[in-house]
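Here is a short report on one protein chain. It covers aromatic pairs, charges over rings, sheets, cores and one loop residue.

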Amino acid sequence: MIRYLKRGRDVQARANDDVAVRNTVEGIIRDIEARGDEAVREYSRKFDNWDPQDFRLSRPAIERAMKSLSSGELDDIRFAQAQVRNFARIQRESMLDVEVETRPGVFLGHRHIPLNAVGCYIPGGKYPLLASAHMSVLTAKVAGVKRVVATAPPFHGEPHPAIVAAMHMAGADEILVLGGVQAVVAMAVGTSSIAPVDMLVGPGNMFVAEAKRQLFGRVGIDLFAGPTETLVIADESVDGEICAVDLLGQAEHGPTSPAVLLTDSEALAHATMAEVERQLKILPTAEIAARSWAEFGEVIVCDTREEMLQKADELASEHVQVMTRDPDWFLQNMTNYGALFLGPRTNVAFGDKVIGTNHTLPTNKAARYTGGLWVGKFLKTCTFQHVTTDAASAEIGEYCSRLCHMENFAGHGEQANIRVRRYGNRPELPWYEPVAASQP
């Protein structure tokens, strides 16, 4: 039996479109489309109190940001980027171009083609998420994207040096100090000073997420992102302290971030809830984490691991931390998750910051139908066909002609018929009629 010891607010209700946010974003998009850089500058002054001569960072400005960091800080960024780059390269190498002769004289295939231009948004408000530069900019460059534009808002009135360093070291071709809706709209629609991109990636607040939603179709996007989610699946092989740490470590993202414990041990459930309350008295980010836990935290107790699996796949959480005696069982059987973190020796923070997998992941149950950002998101898998012999063209043409006429597409059928006439040596075939089957 599945039972709740603590239940949070309805996540789907939280995820419903906010009319005020939607209307605000619609207005900003229209304004930037109409007035370009002038509108971008006005919104930057209004929302970020930021109005530089040029939103694009110069080479000297990038070098100043790099020099402001210690050698240890730069080494840590290099280490994290080396892990992300290595795994992205392994993923890219797994994606092979294909060309195969499916019938005599008929060759079919596909190529993985990098996008030409990508815009990467790096959040920099309450938390300067420099790791997002590794996940987006670096992964796009490994995929082979020719032009990567990276942007982040100012931090306390200046470009954040660690974010600038991370974007530069990841390989960004252009670095902007520009935040919020105005940043993603400028990159998507283009202005006189910012050339448009083909795809937008990266997390952001509700306004940035709504802007990406409204711009989708005009440009590609990585994901429809909502607040961070974490699910801890645990049994009595671990204790309440580590469960509470892993729940609150993600709840600090924001006041609407669900943190859920799923366990087959009622004793562990109670111990974890007590630990959460204890840690909230000492956690530096407790003001945010406490609100998130109070409103969206949940504790669910099941009788069996099969029930835990059923509930976990129903929740389809962004991050799933599995701390059980046999975590590989969940790896083999779970189907709906953004990323799995298996065993007590790993955790979501490793994945968020340094271990090498990408931290841009599906939320709001989107894990039912998509994975997260990875090198393949920056590639278009495009097919091709090549018919190389007369006999193959005539053979395929006969079948195609009849199939087209089943659908009443006479023009399509004639595309097939003319190949049968020319390459099948059947000049007598009438126009706009299906080709009769060849006699054996």
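## Aromatic pairs

Phe 216 is partly exposed, at 48% relative accessible area. The model is a predicted one. Phe 216 pairs with Phe 224 in an edge-to-face arrangement. Their centres lie 5.6 Å apart, with 85° between the planes. Phe 224 is also partly exposed, with a relative accessible area of 44%. Because buried requires under 20%, neither ring residue reaches that class.

The structure holds 4 aromatic pairs. Another of them joins Trp 431 and Tyr 432. This pair is edge-to-face too, at 5.6 Å centre to centre and 70° between the planes. Trp 431 counts as exposed because its relative accessibility is 51%, and the exposed class begins over 50%.

## Charges over rings

Two Lys or Arg placements are worth a look. The charged end of Lys 6 sits over the ring of Trp 293, 5.0 Å from the ring centre. The charged end of Arg 402 sits over the ring of Tyr 399, and here the distance to the centre is 5.2 Å.

## The mixed sheet

An open sheet of 6 strands runs in the order β1-β11-β10-β9-β12-β13. Its pairing is mixed. β1 (3–6) and β13 (339–342) are the edges. Each has a single partner strand, so one side of each is left without a neighbour in the sheet. The twist averages 20° from one strand to the next.

Inside this sheet, β9 (residues 230–234) pairs with β12 in the parallel sense, over 5 bridges. Val 232 has Gln 321 as its bridge partner in β12. Two helices lie across strands of the sheet. Helix α10 (residues 240–251) crosses β9, β10 (259–263) and β12, at about 170° to β9. Helix α12 (residues 286–296) crosses β1, β10 and β11 (298–301), at about 45° to β11.

## The antiparallel sheet

A further open sheet has 3 strands, ordered β2-β3-β14, with antiparallel pairing. The edge strands are β2 (98–103) and β14 (379–387), and each pairs on one side only. Neighbouring strands are turned by 20° against each other on average, direction ignored.

β2 and β3 (residues 106–114) are joined by 5 bridges. Glu 99 finds its bridge partner in β3 at Gly 109.

## Nonpolar cores

The largest nonpolar core has 73 residues. Those with the most contacts inside it are Val 118, Met 167, Leu 178, Val 184, Leu 200 and Phe 378. Helix α7 (residues 161–170) supplies the largest share of this core, 8 residues.

Which residues does Val 184 contact, leaving aside neighbours within four places in sequence? They are Tyr 121, Leu 200, Val 208, Ala 211 and Leu 215. A second, separate core of 21 residues includes Val 238, Ala 244, Ala 259 and Met 323.

## A loop residue: Ser 317

Ser 317 lies in the loop between α13 (305–315) and β12 (319–323). Is Ser 317 buried or exposed? Ser 317 is buried, because its relative accessible area is 5% and the buried class covers values under 20%.

What does Ser 317 touch, not counting residues up to four places away in sequence? The list begins with Glu 229, Thr 230 and Leu 231. It also holds Asn 336, Tyr 337, Gly 338 and Ala 367.

How values were computed. Residues numbered from 1 in each chain as written. Predicted model: local features only at pLDDT ≥ 70, side-chain atom pairs only at ≥ 80, totals over all residues. Heavy atoms only, no water. Core = buried A, V, L, I, M, F, W, Y, C linked by side-chain atoms within 4.5 Å. Buried < 20%, exposed > 50% of the residue type's maximum accessible area, 1.4 Å probe, protein only. Helix = DSSP H or I, 4+ residues; strand = E, 2+ residues; numbered from the N terminus. Contact = heavy atoms within 4.5 Å. Pairing = 2+ DSSP bridges. Axes fitted to C-alpha atoms, helices over the stretch in contact; angles between N-to-C directions. Phe/Tyr/Trp six-rings, centres within 6.5 Å; stacked < 30°, edge-to-face > 60°. Lys NZ or Arg CZ within 6 Å of the ring centre and 35° of its normal.
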